[in-house]
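Notebook open, structure loaded. I want to go through it piece by piece and jot down what I find.

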Amino acid sequence: MSEPSPTPVRRRRGRLLRFAGALVVLLAVAGYLGVQYLTGGVGAPRCKVVSGNGDGASYEFTPEQAVNAATISAVGTSRGMPERAVAIALATALQESGLRNIQHGDRDSLGLFQQRPSQGWGTEKQIMDPTYAAGVFYEHLAKVPGYSRLPLTVAAQRVQHSGFPQAYAKHEPDATLLAAALTGRAAATLTCQGRPAATTPAGGPAPVRAALARDFGRDVLQEAGATVDAAGSSAAPVSPASDSPVAPASSASPAAPAATEADRTVTVPVRGEGAATGAGTGTLRRGWELAHWAVANSSVLHIDRVSYAGREWTAGTAEGSWRTADDKSGPGAGEAAAEVRIVTGQ
């Protein structure tokens with residue numbers, strides 16, 4: 001005997017079950033994609049900062065977040081703000097935007113700190129510039145009496161006037177780790193895989209110099225006496241109309257040979273008392289600040305290697321960890337502590 005035909009009720013029930021199953025699959029896929037967007041994806045390049053106290057604390061984040069965090073820190077230290085101020089700024093940006101320079105928010109809020117043009121924070125264009133946004137945040141923070149002694153949530157709220165002031169507190173541990181590394185106090189604690197993003201342009205010394213001037217101010221190149229190659233040729237001049245170095249006119253023909261490592265290296269001498277011997281604590285801190293900044297920017301600036309104080313970071317490894325430099329012909333201990341070497345990609 002043949003099987004009886006399914007009744008209309010059974011057919012409807014089967015369609016509903018198939019529809020429900022498809023809906024569950026779609027929701028699962030949507031949830032997975034949402035997590036990947038927020039976390040940067042399982043296979044995405046990663047950055048990590050660990051505690052310099054050996055207590056096992058760590059924080060993982062994306063290259064996009066690393067670039068913004070490095071800018072926030074550099075702008076703060078260039079203004080003479082202490083590490084505590086940098087931690088407050090980083091915790092604020094983590095809460096407001098997830099350290100992403102977003103073009104949307106509550107009402108007309110924009111950027112890393114969700115600043116509002118209608119409230120006098122600046123124009124939309126200014127607020128979407130991370131360097132400007134960080135600078136104006138520090139301007140307001142500096143006006144808060146005793147901010148460095150206040151609880152982080154209180155100091156941040158005095159600047160932000162948020163509807164959820166207690167939300168800043170949960171970001172304090174991660175912001176503290178980032179601030180210790182990016183201000184240079186905790187040496188060799190920030191690492192990135194350093195894989196260049198597919199959408200970033202080709203690298204080279206000129207973009208690195210321009211980014212240094214953008215984040216630390218144009219004096220970082222003049223004050224530090226940055227050079228471009230091992231032979232000691234001078235860095236590109238700085239345009240008086242902007243904070244970015246002016247690239248020299250190129251006379252190379254299309255058939256010019258590939259750039260050597262010396263041509264691809266930005267050497268930033270670290271000035272300060274004790275620099276010649278590596279004995280100056282402040283000098284070492286400044287050097288690690290610059291070295292960690294370079295690692296944080298490695299994906300967007302196509303940085304292959306960073307060396308400082310006898311330690312070296314290399315892009316493309318699983319963890320991108322700092323290792324003892326094994327170049328026996330390289331600079332000695334004192335000389336290595338007196339400069340940061342940034343080697344860019346082709």
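**Entry 1: A325**

I started at A325 and listed what it touches beyond four places in sequence: G310, R311 and E312. This is a predicted model, so I'm reading everything here as computed. A325 sits in the loop between β7 (322–324) and α12 (333–337). Is A325 buried, partly exposed or exposed? It counts as partly exposed, because its relative accessibility is 33% and the partly exposed class runs between 20% and 50%. I also checked A325 against W313: they are 12 residues apart along the chain, and their C-alpha atoms are separated by 8.7 Å.

**Entry 2: the whole chain**

Next I zoomed out. I get 12 helices and eight strands in the protein. Of its 346 residues, 44% are buried. I then looked at contacts between residues at least 6 apart in sequence, and 64% of them join residues at least 24 apart.

**Entry 3: the nonpolar core**

Which residues have the most contacts inside the largest nonpolar core? My list reads I72, L90, F113, Y138, L141, W293 and V306, and the core has 73 residues. The biggest giver to this core is α3, with nine residues. That fits the background I keep in mind: in soluble globular proteins, nonpolar side chains tend to be buried together.

I pulled up F113 from that list. Leaving out residues up to four places away in sequence, F113 touches I72, A89, T92, A93, E96, A133, A134, F137 and Q160. I note that I72 is another of the residues with the most contacts inside the core.

**Entry 4: V86 and T71**

V86 is in helix α3. V86 counts as buried because its relative accessible area is 0%, against a limit of under 20%. Outside four places in sequence, V86 is in contact with S73, T77, Y138, A179 and T183. I also took its C-alpha distance to A69, which is 9.4 Å with their positions 17 residues apart in sequence.

T71 is in helix α2 (residues 63–78). At 3% relative accessibility, I log T71 as buried too. Its contacts, again skipping residues up to four places away, are P130, T131, R214 and D215.

**Entry 5: α7 and α8**

What do the buried residues of α7 pack against? I find β1 (47–50), β2 (58–61), α2, α3, β3 and α10 (281–296). The buried residues themselves are A175, L177, L178, A179, A180, A181 and L182. A179 is the one I already had as a contact of V86. Just after α7, G184 has a positive phi of about 90 degrees.

On to α8 (residues 205–216). It has 12 residues and spans 16 Å from first C-alpha to last, close to the 16 Å expected at 1.5 Å a residue. I marked P205, V208, R209, A211, L212, A213, D215 and F216 as its buried residues. D215 had turned up before, among the contacts of T71. G217 follows α8, and its phi is positive, near 100 degrees.

**Entry 6: positive phi outside glycine**

Most residues other than glycine have a negative phi, so I went looking for exceptions. A188 is one of them, with a positive phi near 50 degrees. A188 lies in the loop between α7 (172–182) and β3 (190–192). With a relative accessible area of 17%, A188 is buried.

H302 is another one, with a positive phi near 55 degrees. I found H302 in the loop between α11 (298–301) and β5 (303–308). H302 is buried as well, at a relative accessible area of 15%.

**Entry 7: the second largest pocket**

Last stop, the empty space. How much space lies in the second largest pocket? I get about 500 Å³. It has 20 lining residues, and the closest to its centre are S109, Q114, Q160, H161 and S162. Q160 is also in my contact list for F113.

Two helices, α3 (83–97) and α6 (152–160), each supply at least two residues of this lining. By class, I count six nonpolar, 10 polar and four charged residues in the lining.

Methods:
Residues numbered from 1 in each chain as written. Predicted model: local features only at pLDDT ≥ 70, side-chain atom pairs only at ≥ 80, totals over all residues. Heavy atoms only, no water. 1 Å grid on protein atoms, 1.4 Å probe; cavity = no way out; pocket = protein on both sides within 12 Å on 5 of 7 lines; lining within 4 Å. Points joined across faces, edges and corners; volume = space filled by probe spheres on them. Helix = DSSP H or I, 4+ residues; strand = E, 2+ residues; numbered from the N terminus. Nonpolar A, V, L, I, M, F, W, Y, C, P; charged D, E, K, R; others polar. Core = buried A, V, L, I, M, F, W, Y, C linked by side-chain atoms within 4.5 Å. Buried < 20%, exposed > 50% of the residue type's maximum accessible area, 1.4 Å probe, protein only. Contact = heavy atoms within 4.5 Å. Expected span 1.5 Å × (residues − 1).
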